[in-house]
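Please find below a colleague's note on the structure shown here. The points are numbered so that each may be considered separately against the model.

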Amino acid sequence: MLIVRRARVPVSLLPVRPVGAQIDALEPAVLCDLAIDGDRIAAVVPGGQLDSHPAAREFDAGGSLVFPGFVDAHVHLDKTHTWHRAPNRSGTFMGALQALADDKVHWSEADLHRRAGFALRCAWAHGTRAIRTHVDTGPEWGERSHAVMAALRREWAGRITLQAVPLCGGSDYLSAAGERLADLALRHGASALGGFLIMSGELPAQLDRMLAIAFERGVGVDLHVDESGNPQAECLRLVAEAVLRAGFSLPVVCGHCCSLAVQDHARAQSTIALVREARIGIISLPECNLYLQDRRGADAPFPRTPLWRGITLVHDLMDAGIPVACASDNVRDALHAFGDYNLAEVYAQSVRLAHLDARLEDSVRVVTRTAADLIGLPDRGRIAPGAAAHLVVLEAHRFSELLSRPSASPLCIDAEEIHRPSVPPFAELNDR
Ligand SMILES: [Zn+2]
């Protein structure tokens, strides 16, 4: 057993909000003592109230902020770390898709394993303990990528929980290819069906068929929707309508939802009401949106000053009681040139970009508890008896310190082991 003393735990990650305690809205965390027994958290009590145990080791967190292992609910491990050989020189969405399509000739099993494995080592060093990756999956290929993700899932078992979701076109579901792609992914252990949706008259039929295929196989869906600044893009609304039409009761998650933020207020609010009724969870990808959205004048030379941040209506969604998570999305590829699978950094950027400092207590859930719930891992992302014993001891005593210096490499506690993993050097990738 390991006893962790003086851990400053965000209150919204505890099993219950401390009764009677004065919680400062700008410092929504309290000192706790924790007991870890094997790979589970055994006890969480107010600081100073846990008795010593003759067989237990003790660790003094010294009042540092302690988070549960982070949960990255939306990444792309098949595309990651390709920037050096497939950069996006125009900075546009279409430029990114072309660069990545051209790069796919390099996606051998060894190449996928090296890049995705490197990404997992980065994530591990930054304290992430569960990841859901989307995987490009087409009628002619995808098998290899899913096989590599399945291999990595086995290699990382017990350290990082790795989920995969197939990424294909919504129209694929209208042909026989749809079932084949779904079964290909599920054969390799996929956690949900996925898709990149585009507005068209066929979209309702695509969604009806996709939900039917998912229901038959007992899995939910995790979709890419409305990743643009076009107010006419209303895939989110159509997904909500399809879910309600089908009475689909398995988990539904929609990522991006950028265009919601540029729509007429009343229209956006009515879409949010439908999303709530359909019990859809939202994953915002703030860093990727900031990079890719509002690249104005794509035909003109760089640079043009962007006028909006690209993120969805995070506060409106949260106000409606809709679960909202934030995640890394693309890292060092043509869709997002930067990143390091560092969720402390993603969290800090999300706070800044979405003004989540206005609801700091809730905000910590976007990369922990809510992210875990949305990908079906209810024992992750919280500090509670019975939860998985993955803790991140940050080099910060206050939120303002964490949000000002999120890149400091954290001390990690996994099961009863205390360690400080380090990120792999980029030089490992440079000649590939
Ligand atoms: Zn994505």
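1. Phe-196 of β9 has His-224 of β10 standing opposite. The two strands, β9 and β10 (residues 220–225), pair in the parallel sense, and five bridges connect them. It should be noted that the model is a predicted one.

2. How many of the five residues of β9 are buried? Five of the five are buried, so the strand is largely enclosed by the rest of the structure. Ala-192, Gly-194 and Phe-196 point one way from β9, while Leu-193 and Gly-195 point the other way; all of them are buried. In general, side chains of a regular strand alternate between the two faces of the sheet.

3. The wider setting of β9 is an open sheet of five strands, ordered β9-β10-β11-β12-β13 and paired in parallel. β9 (192–196) and β13 (324–326) are at the edges; each has a single partner strand, so one side of each lacks a neighbour in the sheet. On average, neighbouring strands of this sheet are turned by 20 degrees against each other, direction ignored.

4. Within the five-strand sheet, strand β11 (residues 252–256) runs parallel to strand β12 (residues 280–284), and four bridges join them. One of the residue pairings may be checked directly: Gly-255 has Ile-283 in β12 as its bridge partner.

5. A second open sheet deserves attention. Three strands form it in the order β6-β7-β8, again with parallel pairing. Its edge strands are β6 (70–75) and β8 (161–167), each of which pairs on one side only. Here neighbouring strands are turned by 15 degrees against each other on average, direction ignored.

6. How many bridges join strand β7 to β8? There are seven, and β7 (residues 128–136) runs parallel to β8. His-134 has Val-165 in β8 as its bridge partner.

7. The nonpolar interior should be examined next. The largest nonpolar core has 135 residues, of which Val-239 and Ala-371 touch the most other members. Helix α2 (residues 109–125) supplies the largest share of this core, eight residues. Both domain 1 (2–68 + 382–419) and domain 2 (70–374) contribute at least three residues each to this core.

8. Which residues does Val-239 touch, leaving aside those up to four places away in sequence? They are Leu-207, Leu-223, Val-225, Val-252, Cys-254 and Ile-280.

9. The domain assignment divides the chain into domain 1 (2–68 + 382–419) and domain 2 (70–374). Domain 1 is thus given as two segments, 2–68 and 382–419. The centres of the two domains, taken over C-alpha atoms, are separated by 30 Å. Their contact takes 22 residues from domain 1 and 17 residues from domain 2.

10. On the side of domain 1 that touches domain 2, the elements giving two or more residues are β5 (66–68), β14 (390–393) and α13 (399–404). The largest share of that side, three residues, comes from α13. What is the make-up of this side of domain 1 in nonpolar, polar and charged residues? The residues divide into 17 nonpolar, four polar and one charged.

Note on methods:
Residues are numbered from 1 along each chain as its sequence is written. This is a predicted model: local features need pLDDT of at least 70, side-chain atom pairs count only at pLDDT 80 or more; totals for chains, interfaces and linings use all residues. Two strands pair if DSSP finds at least two bridges between them. Axes are lines fitted to C-alpha atoms, for helices over the stretch in contact, and angles run from 0 to 180 degrees between N-to-C directions. Domain bounds come from an automatic or database domain assignment. Two residues are in contact if their C-beta atoms, placed from the backbone, lie within 7 Å. Ala, Val, Leu, Ile, Met, Phe, Trp, Tyr, Cys and Pro count as nonpolar, Asp, Glu, Lys and Arg as charged, and the others, Gly among them, as polar. A nonpolar core is a set of buried Ala, Val, Leu, Ile, Met, Phe, Trp, Tyr and Cys residues joined through C-beta atoms within 7 Å. A residue is buried if 20 or more other C-beta atoms lie within 10 Å of its own, exposed if 12 or fewer, and partly exposed in between; C-beta atoms are placed from the backbone.
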